[in-house]
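Trainee: I should like to examine this protein with you, from its overall fold down to single residues. May we begin once the sequence and structure are shown?

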Amino acid sequence: MPTDTVSAKGPCIVWFRDDLRLADNPALSAAVASGRPVIAVYILDQENTAIRQPGAAVRWWLHGSLERLDQALRDRGASLALFKGPSATILADIIKVAGVSAVFWNRRYGAAERAQDGAIKEQLKADGIEARSFNSHLLHEPWEVKTKTETPFKVFTPFWRAAREKGAPAA
């Protein structure tokens, strides 16, 4: 979708994935703060074989967690839209149908997840859609705390010292 056809006031998507909470959720907070209507979405993407698929226990936990998330949203006058399939395709379909102007999500840090999220973010931006991801559960991003030679730490104590030198994490 070209940039000139996207309304800056079109609704925004909060793409729930691993972080299924309303409180202290930076992606949700940013979406609400934008002043646009918010579409809450969860996509069960089993198409990407590089990402580890959930086993039976995780699927059981996920089912209950999604029910609770939907109920918490309903208590606030919204609801959770559930989808199954390739994330990029489903997001593109929702954007087209609903005239979405932005997509917000909390980051995942596995290599395959980062690759997928990066490709999706790149495509959204190319299509003129605001795409923002957030750190929702780490003190500092992994790429921010490095050794003096700019490599990742391999021992916890020096890592912890370097992380503390970064100062307090974001609120």
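Mentor: Helices (H or I, at least four residues) and strands (E, at least two) are DSSP runs, numbered from the N terminus. The model is predicted, so local features need pLDDT of at least 70 and side-chain atom pairs count only at pLDDT 80 or more, whereas totals for chains, interfaces and linings use all residues. Residues are numbered from 1 along each chain as its sequence is written, and side-chain values use heavy atoms, with hydrogens and water left out.

Trainee: In what order do the elements of the protein run from the N terminus on?

Mentor: The protein has five helices and five strands. From the N terminus on, the order is β-α-β-α-β-α-β-α-β-α.

Trainee: Which element gives the largest share of the largest nonpolar core?

Mentor: A nonpolar core is a set of buried Ala, Val, Leu, Ile, Met, Phe, Trp, Tyr and Cys residues joined through side-chain atoms within 4.5 Å; buried means under 20% relative accessible area, exposed over 50%, and partly exposed in between (1.4 Å probe, protein chains only). The largest core has 20 residues, and F16, L20, L22, Y42, L69, L80 and F104 have the most contacts inside it. Two or more residues each come from β1 (12-16), α1 (26-33), β2 (38-44), α2 (56-74) and β4 (102-106). The largest share, five residues, comes from α2.

Trainee: Which residues does L80 touch, leaving aside those up to four places away in sequence?

Mentor: Contact means heavy atoms within 4.5 Å. L80 is one of the residues with the most contacts inside the largest core. With residues up to four places away in sequence not counted, L80 touches F16, A40, V41, Y42, L66, L69, D70 and L73.

Trainee: Is S101 buried or exposed?

Mentor: S101 is found in the loop between α3 (87-98) and β4. A polar atom of its side chain lies 2.8 Å from the backbone oxygen of G10. Because its relative accessibility is 4%, S101 counts as buried.

Trainee: What is the phi of D24?

Mentor: Most residues other than glycine have a negative phi. D24, in the loop between β1 and α1, is not a glycine, yet its phi is positive, at about 55°.

Trainee: Is E150 buried or exposed?

Mentor: E150 lies in the loop between β5 (130-134) and α5 (156-165). Its phi is also positive, near 65°. Since its relative accessible area is 57%, E150 is exposed.

Conventions: A polar contact is a pair of N or O atoms within 3.5 Å; within protein, one must be able to donate a hydrogen and the other to accept it, and residues adjacent in sequence count only if both atoms are side-chain atoms.
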